[in-house]
Amino acid sequence: MHPREQTIFALSSGRPPSAIAVVRVSGSQAGAALRELAGAIPVARTAKRVLLRDSVGEAIDDAVILWFPAPASATGEDVAEFHIHGSRAVLNVLIAALSSIDDARAAEPGEFTRRAFENGKIDLTEAEGLDDLIHADTDRQRRQALRQLQGLLGDRARGWRKQLIDASAWIEAGIDFADEDDVPEDLARPAMEKIAQLRREIEQTLAASVRSERLRDGLTVAITGPPNAGKSTLLNRLARREAAIVSPHAGTTRDIIEVYLDLDGYPVTLIDTAGIRETDDPVEQEGVRRARDRAAKADLVLWLSDDHGGEPDQTIRSGETSLWLIRNKIDLSSPENDAAKQGQPAAETRQGTGERQFEISAWRGDGVDDLVAALTAFAEALLGSGEAGVITRLRHRNILRDAAATLEKAEALAGEGDELIAEELRIAIHFMGQLLGRVDIDDILDSVFKEFCIGK
């Protein structure tokens, strides 16, 4: 039997131990699994408490079972659910019992959702929304993923595809039945109006969704600067936990340390890097190289310094990444030193570059709230709220951009032959099929569903 025809099962809840664990079964043998383990199939979509038994009649667990016959199920196939006590022992015995059923096997990551897609329960954009919802770290990501799961982009793409098919039908009718008396003349005119309207709608969607893709991935902020400037202390202060080792000895941080933050719903990856300086230590040299590399790829660099060293590394300042200058350890500065520094020309030069400046004490917390507020505002400006965005992945943007270009080409062909316009419309319809996952998407499917967890 082909793997796609086999019955699959998996733990669909969290890892044991837990109060309750849910094991789902999908496929033609789901009913057989209920009869063998529970003695009978319960009324559809009605929870029933039973004593599960294995093939030799030994009790497995006091459980609750549910039955969802095809096609009215999450996957479109027969689905059974076993709600058991969430110990590893109970789960292992149940999985062993399911494994003994003919043509039943453990599910691969994302296989339940893939079967739902293949059986027409969801389209590919909704499957991607489900994946994003599973991996959402913040409330803004959750809301954006939920809108996608509920068909925000898929419904719009289906509407566009239908309108393209209508326009194509008008063009084709003008080509094939031009000599028929009951076919109106100049069918191309309303078709071209529809094409222009659709192109504008797609371009407006692309323009409105520029930042929604970024919200899915989040903001990357690199903390860098000379050794012993307090980078790890600031990381720990922002993370509100001891994520990095803090030491008075320079060069303690040799590798990249990452911490994930939720700033008012915006996902932020905070990176602590090795202190940047010239060194003969080959291990520290590699840490400095990685620090410069990550800083170059970050959305924002926080250059941390104290009274003993303030100028950013030239390789960082010359890049395109936004740079903020953070003067740390103000709790150790004397009023005389502060007054002397206020008159230095370097401060005027920094202001001329547009680089923001902050004064903080990462150890004591002075000024950190202002820094966090500024980071939140920076994230909002870069990522947006996600409310207006429809596109959440580069795949969506590329397909819609190609579709808009195809429609623009069709508009340019007006008056040069309806056959050429009809061909461009067929290409645009094909793009909409790709967006929904209905044509030429085997490689895309493999890439999407392998990101899912087992049991989903």
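Colleague: I am looking at strand 7 (residues 219-224) and strand 10 (residues 300-305), and I would like to know what makes them count as paired.

Modeller: In this predicted model, strand 7 and strand 10 share four bridges in the parallel sense, and since a pair needs at least two bridges, they therefore qualify. One of the contacts across this pair can be named, for Val221 has Leu300 in strand 10 as its bridge partner.

Colleague: Which sheet do these strands belong to, and in what order do its strands lie?

Modeller: They belong to an open sheet of six strands, in the order 8-9-7-10-11-12, and the pairing within it is mixed. In general, strands of a sheet pair through backbone hydrogen bonds, either parallel or antiparallel.

Colleague: What makes strand 8 and strand 12 the edge strands?

Modeller: Strand 8 and strand 12 (356-359) each pair on one side only, and that is what places them at the edges. From one strand to the next, the twist averages 25°.

Colleague: Which helix packs on the sheet, and how does its direction relate to that of strand 11?

Modeller: Helix 14 (residues 368-383) packs there, touching strand 7, strand 8, strand 9, strand 10, strand 11 (322-327) and strand 12, and its direction makes about 175° with that of strand 11. On a scale where angles between N-to-C directions run from 0 to 180 degrees, a value of about 175° therefore means that the helix and strand 11 run in nearly opposite directions.

Colleague: How do you know whether strand 9 is enclosed or open to the outside?

Modeller: Seven of the seven residues of strand 9 are buried, so the strand is largely enclosed by the rest of the structure. The burial can be followed on both faces, with Tyr266, Val268, Leu270 and Asp272 on one side and Pro267, Thr269 and Ile271 on the other. This fits a general pattern, in which the side chains of a regular strand alternate between the two faces of the sheet.

Colleague: With which strands does strand 9 pair, and in what sense?

Modeller: Strand 7 and strand 9 pair in the parallel sense over five bridges, whereas strand 8 and strand 9 pair in the antiparallel sense over seven bridges. Thr269 in strand 9 takes part on both sides, standing opposite Thr220 and serving as the bridge partner of Tyr260.

Colleague: What is found in the turn between strand 8 and strand 9?

Modeller: The two strands form a hairpin with two residues between them, and in that turn Asp264 has a positive phi of about 55°, although Asp264 is not a glycine.

Colleague: Why is Asp264 called exposed?

Modeller: Its relative accessible area is 53%, and as exposed means over 50%, Asp264 therefore falls in that class. Even so, Asp264 touches Arg140 and Thr376, leaving aside residues up to four places away in sequence, and its C-alpha atom is separated by 9.6 Å from that of Ala377, which lies 113 residues apart along the chain.

Colleague: Why does Asp103 belong to another class of exposure?

Modeller: Asp103, in the loop between helix 2 (88-99) and strand 6 (104-106), has a relative accessibility of 36%, and because buried means under 20% and exposed over 50%, Asp103 counts as partly exposed. Asp103 also has a positive phi, of about 60°, although it is not a glycine.

Colleague: What makes helix 3 a mostly covered helix?

Modeller: Seven of the eight residues of helix 3 (residues 111-118) are buried, among them Glu111, Arg114 and Phe117. Gly120 follows the helix and has a positive phi, near 75°.

Colleague: Which residues touch the most other members in the largest nonpolar core?

Modeller: They are Ile202, Leu400 and Met432, in a core of 31 residues. The elements giving two or more residues are helix 6 (152-176), helix 7 (188-208), helix 15 (394-412) and helix 16 (418-436), and helix 16 provides the largest share, nine residues. Another core, of 29 residues, lies apart from this one and includes Val221, Leu235, Leu300 and Leu371. In soluble globular proteins, nonpolar side chains tend to be buried together.

Colleague: How do you know that the bond from Pro16 to Pro17 is cis or trans?

Modeller: Omega is near 0° there, and the bond is cis; Pro17 is found in the loop between strand 1 (7-11) and strand 2 (18-26). Another cis peptide bond joins Ala70 and Pro71, with omega about 0°.

How values were computed
Residues are numbered from 1 along each chain as its sequence is written. This is a predicted model: local features need pLDDT of at least 70, side-chain atom pairs count only at pLDDT 80 or more; totals for chains, interfaces and linings use all residues. Side-chain values use heavy atoms; hydrogens and water are left out. Buried means under 20% relative accessible area, exposed over 50%, partly exposed in between (1.4 Å probe, protein chains only). Contact means heavy atoms within 4.5 Å. A nonpolar core is a set of buried Ala, Val, Leu, Ile, Met, Phe, Trp, Tyr and Cys residues joined through side-chain atoms within 4.5 Å.
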